[in-house]
Amino acid sequence: MTPAPRPNLFVVGDAKCGTTTLYRMLELSQGVGTSRTRKELHYFTAPELTAKTAGPGDARIPRAIVHDEAGYLAEFAHLPPGLAVIADVSPSNLEEPEAAARIQAFAPDARIVILLREPAAKIFSQYVHLWAEERETLPFGEAFEQSLARREAGFSTMFDYEAGGRYAEAVARYLDRFGRDRVKVMLFEEMFGTDGGARRGLEDFLGIRFAEGPPPRMNVGGKVRSPLLAAILDNDALRTRVKRLFPLPLRTRIGQALRTSVPMEKPELAPETAAALRRHYREDTARLEALLGRPTGWPAG
């Protein structure tokens with residue numbers, strides 16, 4: 001009997017670091033299988049995520065999580081046999097300390113991909129994401145200062161801006177459990193840079209080839225300026241119909257065209273605030289670089 005498909009690749013995060021783009025790149029690749037209904041299943045962080053629902057809009061989080069193994073495996077049951085890569089892409093797996101051990105128990109020989117981004121840009125992207133959803137109402141500086149209070153009050157992790165810029169401890173957990181040969185750390189700046197060497201390194205790590213062309217920019221933050229256009233683009237029934245009518249490569253091209261042509265608005269990160277944030281995370285970035293054995297190239301202040 002052919003064994004049921006099980007994930008053997010885990011893209012564990014971090015949030016706002018290009019995981020949606022990588023998910024689409026995997027979907028478009030030959031020999032790769034992904035989850036049936038959505039990108040983020042959060043199976044290995046379900047206990048933690050369901051306990052953090054005190055923030056605005058957080059109450060809906062448990063409905064988007066797979067809570068049991070049968071439901072989790074059902075997300076991959078549609079895949080044909082013989083796929084080299086079956087991918088789970090769930091950014092919360094980096095943030096929650098217990099996730100690495102749970103993944104190791106489920107798939108001891110799994111490969112891990114970690115995407116990271118310059119901390120100031122990353123946590124401001126978190127802020128813009130929540131601002132665009134109208135879940136965040138404070139100015140960025142005030143919201144950042146509320147990180148600890150919100151953490152203690154049980155807000156979801158997206159509201160914990162301060163913790164969102166720290167990577168070293170989480171990366172060390174995966175390196176310790178899976179070893180350097182099975183963990184690939186890639187920087188957001190490398191994925192979207194003009195030098196394709198980092199992407200080729202990721203292809204070699206996965207044993208696949210991505211579709212030709214630059215990575216699609218997915219999940220770009222901000223609000224659509226036109227209320228009418230925003231209502232059209234946020235229409236779930238319309239999105240479902242488009243998904244049924246158009247193949248994934250065409251939908252990707254249409255999405256790219258929309259993202260570059262639709263007028264958007266979003267707050268801007270002040271240069272002095274960015275510099276202060278970089279100084280705040282300088283020590284953690286140094287620890288990360290020591291773990292990776294290479295510089296990140298991120299500005300220090």
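Is the crossing of helices H10 and H17 left-handed or right-handed? In this predicted model, the crossing of H10 and H17 is left-handed. Helix H10 covers residues 168-178 and helix H17 covers residues 282-292, and their axes come within 9 Å of each other while crossing at roughly 20°. Because angles under 35 degrees count as roughly parallel, H10 is described as roughly parallel to H17. The contact is made on the H10 side by Ala168, Glu169, Val171, Ala172 and Leu175, and on the H17 side by Asp284, Arg287, Leu288, Leu291 and Leu292. In general terms, the angle between the axes and the distance between the axes serve to describe two packed helices.

Aromatic rings form a further topic, with 18 aromatic pairs held in the structure. In one of these pairs, the ring centres of Tyr43 and Phe44 are 4.9 Å apart and the ring planes stand at 65°, so the pair is edge-to-face, given that planes over 60 degrees apart are placed in that class. Both Tyr43 and Phe44 are buried. These two residues also belong to a cluster, in which ring pairs link Tyr43 and Phe44 with Phe10, Tyr72, Phe76 and Phe106.

Charged side chains are also found over aromatic rings. Phe106, a member of the cluster just described, has the charged end of Arg6 sitting over its ring, 4.1 Å from the ring centre. Arg117, in turn, lies over the face of Phe188, at 4.0 Å from the centre of that ring.

Key:
Residues are numbered from 1 along each chain as its sequence is written. This is a predicted model: local features need pLDDT of at least 70, side-chain atom pairs count only at pLDDT 80 or more; totals for chains, interfaces and linings use all residues. Side-chain values use heavy atoms; hydrogens and water are left out. Rings of Phe, Tyr and Trp (its six-membered ring) pair if their centres lie within 6.5 Å; planes under 30 degrees apart count as stacked, over 60 as edge-to-face and the rest as tilted. Buried means under 20% relative accessible area, exposed over 50%, partly exposed in between (1.4 Å probe, protein chains only). A charge sits over a ring if NZ of Lys or CZ of Arg is within 6 Å of the ring centre and within 35 degrees of the ring normal. Axes are lines fitted to C-alpha atoms, for helices over the stretch in contact, and angles run from 0 to 180 degrees between N-to-C directions. Helices (H or I, at least four residues) and strands (E, at least two) are DSSP runs, numbered from the N terminus. Angles under 35 degrees count as roughly parallel, over 145 as roughly antiparallel, 65 to 115 as roughly perpendicular and the rest as oblique. A crossing is left-handed if the near helix is turned anticlockwise from the far one by less than a right angle, and right-handed if clockwise. Contact means heavy atoms within 4.5 Å.
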